[in-house]
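Work through the exercises below with the model open. Each task comes with a step-by-step solution.

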Amino acid sequence: MTKTAALDLGLVVAGHGRHYIVETPDGEQIICHPRGKKSDCVVGDRVRWQASGDEGVIEHVEPRRNLLFRQDEWKTKSFAANLDQVLVLGAAEPMFSESQLARALIAAESADIPVRIVLNKADLPTIDAARSRLAPYAAFGVDVIELALKARPDEARDRLMPLLQGKATFVLGPSGTGKSTLINLLAPAARAQIGEISQALNSGRHTTTTTQWYWLDRAERNTALIDSPGFQEFGLGHIAAGDLAALMPDIGRHAGECRFYNCTHAHEPGCGVLAALEQGEIAESRYRIYREIRAELRP
Ligand SMILES: Nc1nc2c(ncn2[C@@H]2O[C@H](COP(=O)(O)OP(=O)(O)OP(=O)(O)O)[C@@H](O)[C@H]2O)c(=O)[nH]1
Ligand SMILES: [Mg+2]
Ligand SMILES: [Zn+2]
């Protein structure tokens, strides 16, 4: 038996700076601190810990199945580990940035985590513009689910539940798209704070500031949703420029047709991607985003 196997196993369900909430296999929640200075756990981590008074000390993080993160210019922002899928939320108001959405998809693809897009606030008149902006994504095979989480909650629940059952799903998206609304709709015990709460209490909007794991089924603990703060920027500094096309399926599928094996799809003769763009097989917005991101990446 290894030394760590003697320690208790727990699941990190929240992190607040230097301490974490670890849930035991019987559902008890304990405040834990990591051993040593480095706090390198994230929500979704399985950890080995031991009690120290009323609190606990995290001794060891179990190997991760995957880790979703972004890499801005100066720092790595880890979202969560051991995920079964990512729901990327966009809304008609505030109108989502297609570049941010594309980046979230690329990060999930590079972490090898399946994604779906939820387009929320379908009750608003601006939904048509949002829907056409997402048409290229549906065309290359992303599941795009149009919902009105607040205006038509029963329909939203019926559409989502079969897709979430038995999985740990990370809810990712810009601020104000309805991530916490989604969590509150589906996780009975959740009190994820949403826009209105604080509008009533103070002048600011209430925005989620920490990542938090919620069970949809507290007794069985098979199905979870993870709420997260909205992002503003989404850097992909961890991706090598030459790998980018392969992480954008609509572009990557034409890269094999290029004359040069190291084609950058910018100006080379015999480029399969440029030919597909010309033919309308790649959406102009997608190609523009490919060029924009590529310019930021290390060669
Ligand atoms: N019209 C409309 N508004 C909605 C819908 N769903 C959510 N909203 C509203 O959108 C606002 C933001 O919702 P939140 O759930 O707090 O958004 P969030 O993505 O958690 O935002 P952050 O925590 O800031 O990242 C709230 O005022 C919600 O009531 C919808 O289906 N239709
Ligand atoms: Mg929120
Ligand atoms: Zn090319």
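**Exercise 1. The magnesium site**

Are Ser180 and Thr208 buried or exposed?

Solution. First, the ground rules. This is a predicted model, in which local features need pLDDT of at least 70, side-chain atom pairs count only at pLDDT 80 or more, and totals for chains, interfaces and linings use all residues. Residues are numbered from 1 along each chain as its sequence is written, chains are lettered from A and ligands numbered from 1 in the order in which they are written, and side-chain values use heavy atoms, with hydrogens and water left out.

Step 1. Ser180 is buried, and Thr208 is buried too. Buried means under 20% relative accessible area, exposed over 50%, and partly exposed in between (1.4 Å probe, protein chains only).

Step 2. Find what the two residues hold. Ser180 (OG) and Thr208 (OG1) coordinate the magnesium ion (ligand 2) at 2.0 to 2.2 Å. The pair links distant parts of the chain, 28 residues apart: Ser180 sits in helix α4 (residues 179-186), Thr208 in the loop between α5 (195-201) and β12 (212-215). Donors are N, O and S atoms within 2.8 Å of the metal (3.2 Å for Na, K and Ca); water is not among the atoms, so sites may look incomplete. Helices (H or I, at least four residues) and strands (E, at least two) are DSSP runs, numbered from the N terminus.

**Exercise 2. The surroundings of α4**

How many of the eight residues of α4 are buried, and what covers them?

Solution. Step 1. Count: six of the eight are buried, so α4 is mostly covered. They are Lys179, Ser180, Leu182, Ile183, Leu185 and Leu186.

Step 2. List the cover. It includes β8, α3, β11 (168-172), β12 and β13 (224-227).

Step 3. Take α3 (residues 153-164). It packs against α4 at an angle of about 80°, with the axes 10 Å apart. Axes are lines fitted to C-alpha atoms, for helices over the stretch in contact; angles run from 0 to 180 degrees between N-to-C directions. The two helices are therefore roughly perpendicular. The classes are: under 35 degrees roughly parallel, over 145 roughly antiparallel, 65 to 115 roughly perpendicular, the rest oblique.

Step 4. Name the residues that meet. α3 brings Pro153, Ala156, Arg157, Leu160, Met161 and Leu164; α4 brings Leu182, Leu185 and Leu186. Contact means heavy atoms within 4.5 Å. Eight of the contact residues are nonpolar, none is polar and one is charged. Here Ala, Val, Leu, Ile, Met, Phe, Trp, Tyr, Cys and Pro count as nonpolar, Asp, Glu, Lys and Arg as charged, and the others, Gly among them, as polar.

**Exercise 3. The zinc site**

What is the arrangement of the four donor atoms around the zinc ion (ligand 3)?

Solution. Step 1. Identify the protein donors: Cys258 (SG), Cys263 (SG), His265 (ND1) and Cys271 (SG), 2.1 to 2.4 Å from the ion.

Step 2. Check the angles. They run from 99 to 114°, which makes the arrangement tetrahedral. Four donors count as tetrahedral if all angles lie between 85 and 135 degrees.

Step 3. Read the spacing in sequence: C-x4-C-x1-H-x5-C. Cys258 and Cys271 both lie in the loop between α6 (249-255) and α7 (272-278), so the pair ties together parts 13 residues apart in sequence. Cys258 and Cys271 are both buried.

Step 4. Turn to Arg259, in the loop between α6 and α7. Arg259 is exposed, at 57% relative accessible area. Leaving aside neighbours within four places in sequence, Arg259 is in contact with Pro269 and Gly270.

**Exercise 4. Backbone exceptions**

Which residues does a cis peptide bond join?

Solution. Step 1. The bond joins Glu93 and Pro94, with omega about 0°. Pro94 lies in the loop between β8 (85-91) and α1 (98-110).

Step 2. Look for positive phi outside glycine. Asp112 has phi near 65°, and Lys121 has phi near 70°. Most residues other than glycine have a negative phi, and most peptide bonds are trans.

Step 3. Place them. Asp112 is in the loop between α1 and β9 (115-120), and counts as exposed at 67% relative accessibility. Lys121 is in the loop between β9 and α2 (127-139).

Definitions and conventions: Tetrahedral: all angles 85-135°; square planar, octahedral: opposite > 155°, others 65-115°.
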